[in-house]
Amino acid sequence: MAQDDLELAVEKDLGSSLDPLSTANRSEFSTPDNTMNEADYRKLIWKLDVRLLPPLFILWFISLIDRVNIGTARIQGLEKDLNMDPRSNKFNIATVVVFVGLIIAEVPSNWLVKRFSPTAVLCLECIILGLFTIGQGLVRNFESLVVMRFFIGILEAGLIPGSIFLLSAYYPRYELQWRLSMLHVGNAVSNAFGGLLAYGVASIHSSNGYSGWRWIFIIEGTITIVVTCMCWPFMTNWPASAKWLKPSERAVLEGRIRDDGIIGRMDILNKSAIIRCATDWKVYLSALIIVGNISSVYSITLFAPTIVKALQPQSTVKEIQGLVIPIFVAASAWTLVVAYSSDKLKHRSGFALSGCFIAILGYVVLLNQDHVPANARYGALYLIAAGSFSVLPSAWILLLNNVSGSYKTAFAMGMEVGLGNAGGFVASLAYQSKTAPHYWLGFRLSCGLMCMAFVLICVYVVGLWWENKQKKAGKRDHLLEEEGDNLGDAHPQFIYTY
């Protein structure tokens, strides 16, 4: 198939989402002859799950370990070996520089995924990521560590938005959150696995003088390279080139993803399309929601060992890891419960708001830590992890369900995830050693940003409601005459969902 035909086929798979009101009570699904019943449709979705999710889950799992285990390395002597003053902000700089790379590379990486093979782009990024992770374990000074961390950020940038972009070509609107949450759980579980790995190598002191923290990075980087090479043959590209899908199955998916073949398309990147992408308020408001939430995600991910150590100053490294691991196991379980319920009820915003509220409760406990016992403060970490981890896929879906067209989807998800990573700056810089053991600054900032996310979700929902009202009143119909049908989700018949 020619490249232009392939991109057109991809675009058709990325058509607009369906009006939820028009499909709520269907027992059969959109094929030309309406022959696929609900049982067969569920089998088709299961087929997608089996082919798409396992390799992506593994890549998400191994990639986040490479980024976040620096928190574990810290308590195993990284600062001492690299002559970093524990009371300085050098460790925070080493963590924050990752987010510089992430922000820079998210949108360009999504362009590469659209322009070339998603399999090749995502797998090559992960393999090179593994090499730089090994490099982290070999550095001899702070400056080298910062360089390695910057390139790790660039190489990790494409995986999350690229995976979301790819899955949106296959799954209908109300099938996506469960699948994205499954991948996101790979992140949470990777924290637990990373803790187990750190637990196992904590006492390693090899004959070449390498401390345990170096072996964490060396082993993780090696695993990343080997596992990515094993996953590569099982990765899948766009639906148009998926030989394991029958033409009738593609037709069903296309019918479920879009209401009509032309609604919500954006397969021409002209001036008006670029302006429409760059000026969409939903993209930037969603990014701010991600900023508010991801600061908590990274706070608990990067600094859970540090915070637990402050609560249990007499504990050994292995005991600290034993206390950290269950936090992420619980967060994973809650994230899946929320995702299943959200897809089942076809509702997004309420679950996102509930996650914000749970996390805020955890911060309230920590902001009153002088008046509560250590066990209550430890329990608050569970609330923060469960709440913030469950909000993130909900926030992704709140945007993904409300954009359409391949160029618009690629831009929107790249911008949301990229700009949203600015929340990582807060997480990286707010929990400085000089604020230990209470970490008032970090807890206050993270709590404030989570409250901001709560408010902005409400504003976002009101904005979607208003846009739907304008469309139903016919006040967006003029766009078809002025710009044609290359409108993406601005098409008058595209109905926003929340």
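**View A. D489, a buried aspartate.** At 2% relative accessibility, D489 falls under the 20% cut-off and therefore counts as buried. Keep in mind that this is a predicted model. D489 turns up again in the next two views, so it's a handy place to start looking around.

**View B. K408 reaches D489.** Here K408 and D489 form a salt bridge, with their closest N and O atoms 2.9 Å apart. K408 sits in helix α18 (residues 406-420) while D489 belongs to the segment after α21, so this pair ties together parts that are 81 residues apart in sequence. And is K408 buried or exposed? With a relative accessibility of just 1%, K408 counts as buried because the cut-off is 20%.

**View C. K282 meets D489 too.** The side chains of K282 and D489 also come together in a salt bridge, at 2.9 Å from N to O. This one links distant parts of the chain: K282 is in helix α14, D489 is in the segment after α21 (478-483), and 207 residues separate them. Both K282 and D489 are buried.

**View D. K282 and D280.** Stay with K282 and you'll find another salt bridge, this time to the side chain of D280, at 2.7 Å from N to O. How buried are these two? K282 has 3% relative accessibility, so K282 counts as buried. D280 comes in at 8%, which means D280 is buried as well.

**View E. A network of salt bridges.** Over in this view, salt bridges link R42, D49, E175 and R179 into a network. Side chains of opposite charge can pair when their charged atoms come close. Counting across the whole structure, there are 11 salt bridges.

**View F. The second largest pocket.** Now for some empty space: the second largest pocket holds about 310 Å³. It's lined by 13 residues, and those closest to the pocket's centre are R74, E79, P86, K309 and S433. Which elements give two or more residues to this lining? They are α4 (70-75), α5 (78-81) and α14 (281-311).

**View G. What the pocket lining is made of.** Helix α14 gives the most to the lining of the second largest pocket, with three residues. That's the helix that holds K282 from View C. By residue type, the pocket lining splits into six nonpolar, five charged and two polar residues.

Note on methods:
Residues are numbered from 1 along each chain as its sequence is written. This is a predicted model: local features need pLDDT of at least 70, side-chain atom pairs count only at pLDDT 80 or more; totals for chains, interfaces and linings use all residues. Side-chain values use heavy atoms; hydrogens and water are left out. On a 1 Å grid over the protein atoms alone, a cavity is a set of points where a 1.4 Å probe fits but cannot get out, and a pocket is an open set with protein on both sides within 12 Å along at least five of seven lines; lining residues have an atom within 4 Å of a point. Grid points are joined across faces, edges and corners, and a volume is the space filled by probe spheres set on the points. Helices (H or I, at least four residues) and strands (E, at least two) are DSSP runs, numbered from the N terminus. Ala, Val, Leu, Ile, Met, Phe, Trp, Tyr, Cys and Pro count as nonpolar, Asp, Glu, Lys and Arg as charged, and the others, Gly among them, as polar. A salt bridge is a side-chain nitrogen of Lys or Arg within 4 Å of a carboxyl oxygen of Asp or Glu. Buried means under 20% relative accessible area, exposed over 50%, partly exposed in between (1.4 Å probe, protein chains only).
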